[in-house]
Amino acid sequence: MISNRYFDLIDQTFYFPQEGFDIEDGNLVFNGVPLMYLIKKYGTPLKLTYLPKIGTQIKRARNLFTKAMKTSGYRGKYNYCYCTKSSHFSYVVKEVLKHDVEIETSSSFDIDLVRRLFEEEFIDKQTIIVNNGFKTREYAEKICSLINEGFENVVPVLDNKEELAFYEEMVKGQCNLGIRVATDEEPNFEFYTSRLGLRPSEIISFCKERIESNPKFNLTMLHFFVDTGIKDTIYYWGELKKAVKMYCELKRVCPSLTGLNIGGGMPIRNSLGSEFDYTYMVREIVNLILHACQEEEIPEPDIFTEFGKYTVGESGAIIYSVLGQKRQNDAEVWYMIDNSLITTIPDAWGIGERFILLPVNKWYNEFHRVNVGGISCDNSDYYNSEIHDTRVYLPVMGGKDKPDEPLYLGFFHTGAYQDSLSGYGGIKHCLIPSPKHILIYKDSKGNIVDKLYKEEQKPEDMLRILGYI
Ligand SMILES: Cc1ncc(COP(=O)(O)O)c(C=O)c1O
């Protein structure tokens with residue numbers, strides 16, 4: 001018998017049910033949580049965070065790295081740092097810190113967040129705090145005050161040579177340092193070299209002249225990060241090889257160097273058909289570093305990762321109601337949802353990121369091809385393709401069972417970056433504050449007058465939204 005049920009479409013296309021997704025009475029269950037229960041209790045639109053997933057992810061990555069290190073005879077340690085910018089919310093960061101994790105920061109307000117965590121005893125003065133990003137004076141001052149107050153494992157990572165002057169001036173005793181090496185971008189990108197980090201050709205001479213000769217500094221970490229993520233491609237392996245080669249050269253100049261930070265970029269499932277082989281990738285990363293170091297006769301480094309999206313992405317979901325269906329011509333059907341896709345999953349709009357899109361109910365209805373439209377005025381407020389298909393299929397509305405029940409849709413694995421990019425409640429990407437706002441007008445005499453409308457955002461403004469105050 002030919003079946004046109006949505007359930008059968010999914011069942012025949014993917015392994016289903018699968019980790020985190022199951023069906024009960026024709027309705028979707030996410031990580032064991034029946035979503036219809038939440039919808040009935042709270043209504044839509046709603047976003048949810050399933051906190052237990054965070055620990056599962058951390059444990060899995062840690063197990064994979066430690067196991068790969070053990071089996072290959074790798075003698076360095078593995079450190080899991082959480083990249084706070086992927087989700088700064090207190091409930092996320094505090095959950096992360098239950099799992100013996102270190103911290104990576106990216107801007108000035110992050111240090112205010114670190115201080116709150118310290119005051120509440122979620123971290124102590126031994127926690128490793130890696131400071132990435134382009135340092136403003138304010139960010140550098142806050143980093144230096146942590147160092148001067150005895151936080152032992154703060155590691156400011158130099159993004160450029162000029163940054164060193166901040167630590168020369170403001171650190172009272174000694175301090176650890178890291179250096180970020182700029183990677184080559186993927187061949188199809190607009191730029192050849194990343195704007196983040198130091199030019200590889202300048203690193204050795206800079207370290208000889210300014211760091212190794214200065215008793216104030218201990219270079220402990222080389223940092224590299226491929227922005228397009230960890231992938232089994234010639235490009236990724238090539239960049240990692242170059243980074244390990246740089247590590248070995250640098251280790252000869254600065255024997256204090258012990259850590260290689262490979263940044264973030266561990267992918268998450270953005271389709272029910274995702275086939276990323278975590279075990280294989282981690283094993284290959286560990287083996288590549290080990291063998292390159294053996295060839296150079298350099299002891300293998302401690303490995304640091306800064307997984308953001310991987311830590312928190314799969315814990316998030318956003319659920320909408322379909323308010324109505326519009327057929328605009330013979331081929332194009334729209335499902336209009338009760339929010340904007342631009343503001344709730346901005347990565348889908350801005351960089352074409354895909355998320356897992358599934359109906360919450362009506363899985364036994366027939367399916368058809370639709371476009372999902374937001375209710376903002378913007379013509380780009382839509383979602384109409386998936387990773388595995390250039391089309392989107394969803395159940396028809398109505399149906400035999402509960403025909404009057406609205407159709408509910410969910411985007412899943414949305415837990416990283418979407419809130420800060422969309423400015424949820426007033427937070428910002430990397431916690432970079434809103435600038436001050438000046439109004440300029442003409443007074444009654446026709447003179448131009450300027451007036452401060454709003455001050456620049458303060459750390460407290462954001463920490464309050466994030467649940468720290
Ligand atoms: C320096 C650094 N580390 C870690 C990350 C986290 O990346 P992801 O969320 O892909 O793991 C980023 C993201 O931009 C980054 O810039």
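## A walk through the predicted model

Pro45 sits in the loop that connects helix α2, residues 35–42, to strand β4, and the structure in which it is found is a predicted model. The peptide bond that joins Thr44 to Pro45 is cis, with an omega of about -5°. A second cis bond leads from Phe16 to Pro17, where omega is near 0°, and Pro17 likewise belongs to a loop, in this case the one between α1 (6–13) and β1. Most peptide bonds are trans, and most residues other than glycine have a negative phi. With that background in mind, Lys402 also deserves attention, since this residue, although not a glycine, has a positive phi of about 45°; Lys402 is placed in the loop between β18, residues 392–395, and β19.

From the loop that holds Pro17 the chain passes into β1, which belongs to an open sheet of 3 strands, arranged in the order β1-β2-β3 with antiparallel pairing. The edges of this sheet are formed by β1 (21–24) and β3 (33–34), each of which pairs on one side only. Between strand β2, residues 27–30, and β3 there are 2 bridges in the antiparallel sense, and one can locate this pairing by looking at Val29, whose bridge partner in β3 is Pro34.

The loop that holds Pro45 leads into β4, and from there the reader can move to another set of antiparallel pairings, in which β13 takes part repeatedly. Strand β4, residues 46–49, is joined to strand β13, residues 316–327, by 4 bridges, the two running antiparallel, and in this pairing Thr49 has Gly316 of β13 as its bridge partner. Strand β13 also pairs with strand β19, residues 408–412, in the antiparallel sense and over 5 bridges; here Ala317 is matched with Phe412 in β19. A further antiparallel pairing, again over 5 bridges, links β13 to strand β14, residues 333–337, and in it Arg327 stands opposite Val333 of β14. The connection from β13 to β14 is a hairpin, made through 5 residues.

A parallel arrangement is seen in the closed barrel, which has 8 strands and runs β5-β6-β7-β8-β9-β10-β11-β12. On average, and with direction ignored, neighbouring strands of this sheet are turned by 30° against each other. Strand β5, residues 78–83, and strand β12, residues 302–307, pair with each other in the parallel sense over 5 bridges, and within this pairing Tyr82 has Phe307 in β12 as its bridge partner. Helix α6, residues 137–148, packs on the sheet, where it touches β6 (102–105), β7 (129–131), β8 (154–158) and β9 (175–180); the direction of α6 makes about 150° with that of β8.

Another helix, α8, spans residues 200–212 and contains Lys208. When neighbours within four places in sequence are left aside, Lys208 is in contact with Ser213 and Val253. Lys208 can also be set against Asp124, from which it is separated by 84 residues in sequence and, from C-alpha to C-alpha, by 33 Å in space.

The last stop is the ligand, which has 14 residues around it, and of these Gly265, Glu306, Gly308, Lys309 and Tyr417 come nearest. Glu306 falls within β12, the strand made of residues 302–307, and an N or O atom in the side chain of Glu306 is 2.6 Å from a nitrogen atom of the ligand. The backbone contributes as well: a backbone N or O atom of Gly265 lies 2.8 Å from an oxygen atom of the ligand, and a polar backbone atom of Gly308 is 2.9 Å from an oxygen atom of the ligand. Taken alone, the ligand would expose 400 Å², of which the protein buries 87%. Sorted by class, the shell around the ligand comprises 4 nonpolar, 5 polar and 5 charged residues.

Technical notes. Residues numbered from 1 in each chain as written. Predicted model: local features only at pLDDT ≥ 70, side-chain atom pairs only at ≥ 80, totals over all residues. Heavy atoms only, no water. Pairing = 2+ DSSP bridges. Axes fitted to C-alpha atoms, helices over the stretch in contact; angles between N-to-C directions. Contact = heavy atoms within 4.5 Å. Near = heavy atom within 4 Å. Polar contact = N/O pair within 3.5 Å; in protein donor to acceptor, adjacent residues only side chain to side chain. Areas by Shrake-Rupley, 256 points an atom, 1.4 Å probe, with all protein chains shown as cover. Nonpolar A, V, L, I, M, F, W, Y, C, P; charged D, E, K, R; others polar.
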